[in-house]
Amino acid sequence: MALRPVQVNMKALDASAVGRFWAEALGWSAYSPGVTTYVGPAGGLVWPDPVAVCVDVVPVPEPKTTTKNRVHLDLATTSAAHQAELVARLKALGATPADVGQGDVPWTVLADPEGNEFCVLEPREIYRDTGPIAAVVVDCADPRATARFWGEAIDWTPHEVTDDQAALRSAKGVGPYLEFIRAPGVKTVPDRVHLDLLPYPGDDQAAEVARLRALGATDLDLGQGDVPWTCLADPEGHEFCVLAPP
């Protein structure tokens, strides 16, 4: 049994507007099949997409606080010129420069129109074939332990594990990396951005949830009520959901 990350769940006051921003940012399309706005590769809504980790923007009544998100996206570029062009285009779409204490670095830190931080990376060989999202990055206190949990939770392969950072990627060698970066501080507000996981066809959602609990996940009550997905938190408190198979 295993799970696969299928989307980055992002909360927003105006899900439609934020979804359009991310569709433009990633060169994808925005679809609104229901309450949420789903951002995925062009060609029609296919959920779950078997390759891409997409973005699902969910409307909520609360604005983002000034606290930095513990999960963010890194965007890939192919050259210095591409990085500069992408940063300029994103600013024209409503992104703003963000200071998260990064100092003098070769990447550019921005925030989307509702303040969700993200990075536009300088070109790196490791991300040349990831698609527009280079990595989903998670701040944590213990990258080794967090990567160990996620390595058991999902069917992705470890690529680098140190005391300061760790990375997983699909065993198929496609799509973004999932990276865990050592960062100070502890959780103080609910996560604005989190991963949604999906069982494979034929696998049992309840059995997967039980397996995650045995690995150290805890149940999470976000006021979700009676819904077909299960909300959990990893051992460091990062929220995630296990979706019901379609």
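In this predicted model, E208 and R211 are both buried. Their side chains form a salt bridge, in which the closest N and O atoms are 2.7 Å apart. Both residues belong to helix α4, which spans residues 205–215, and because they are 3 residues apart in that helix, about one helical turn separates them. Side chains of opposite charge can pair when their charged atoms come close. The structure has 13 salt bridges, and two others are described here.

E125 and R128 meet through their side chains in a salt bridge with an N to O distance of 2.5 Å. E125 and R128 are exposed, whereas E208 and R211 are buried. A further salt bridge joins R213 to D219, with 2.8 Å between the closest N and O atoms. R213 has a relative accessibility of 40% and therefore counts as partly exposed, since that class lies between the limits of 20% for buried and 50% for exposed.

Aromatic contacts were examined next. The structure contains 7 aromatic pairs. In one of the pairs, Y127 and Y177 are arranged edge-to-face, with their ring centres 5.7 Å apart and an angle of 70 degrees between the planes. Y127 is located in the loop between β8 and β9 (133–140), while Y177 is located in strand β12, so this pair ties together parts of the chain that are 50 residues apart in sequence. Y127, with a relative accessibility of 8%, counts as buried. Y177 also counts as buried, at 6% relative accessibility.

One aromatic cluster is formed by F21, W22 and F118. A contact between a charged side chain and a ring is found at Y200, where R4 lies over the ring face at 4.6 Å from the ring centre.

The interior of the model was also searched for enclosed space. There are 2 cavities of 30 Å³ or more in the structure. The volume of the largest cavity is about 80 Å³. Its lining consists of V71, V138, W150, L178, F180, H194, L195, D234, H238, E239 and F240. Two or more of the lining residues come from each of the strands β12 (177–182), β13 (193–199) and β16 (239–242). By class, this lining comprises 7 nonpolar, 2 polar and 2 charged residues. Strand β12 thus appears in both contexts, because Y177 of the aromatic pair lies in this strand and the strand gives two or more residues to the lining of the largest cavity.

The second largest cavity contains about 30 Å³ of space. It is lined by M10, W22, N69, V71, H72, L73, N116, E117, F118 and V193. The elements giving two or more residues to this lining are β5 (71–75) and β8 (117–120). The greatest contribution is that of β5, which gives 3 residues. The lining divides into 6 nonpolar residues, 3 polar residues and 1 charged residue.

Some residues recur among these features. V71 is part of the lining of the largest cavity and also of the lining of the second largest cavity. W22 and F118, which belong to the aromatic cluster with F21, are among the residues that line the second largest cavity.

Conventions:
Residues are numbered from 1 along each chain as its sequence is written. Side-chain values use heavy atoms; hydrogens and water are left out. On a 1 Å grid over the protein atoms alone, a cavity is a set of points where a 1.4 Å probe fits but cannot get out, and a pocket is an open set with protein on both sides within 12 Å along at least five of seven lines; lining residues have an atom within 4 Å of a point. Grid points are joined across faces, edges and corners, and a volume is the space filled by probe spheres set on the points. Helices (H or I, at least four residues) and strands (E, at least two) are DSSP runs, numbered from the N terminus. Ala, Val, Leu, Ile, Met, Phe, Trp, Tyr, Cys and Pro count as nonpolar, Asp, Glu, Lys and Arg as charged, and the others, Gly among them, as polar. Rings of Phe, Tyr and Trp (its six-membered ring) pair if their centres lie within 6.5 Å; planes under 30 degrees apart count as stacked, over 60 as edge-to-face and the rest as tilted. Buried means under 20% relative accessible area, exposed over 50%, partly exposed in between (1.4 Å probe, protein chains only). A charge sits over a ring if NZ of Lys or CZ of Arg is within 6 Å of the ring centre and within 35 degrees of the ring normal. A salt bridge is a side-chain nitrogen of Lys or Arg within 4 Å of a carboxyl oxygen of Asp or Glu.
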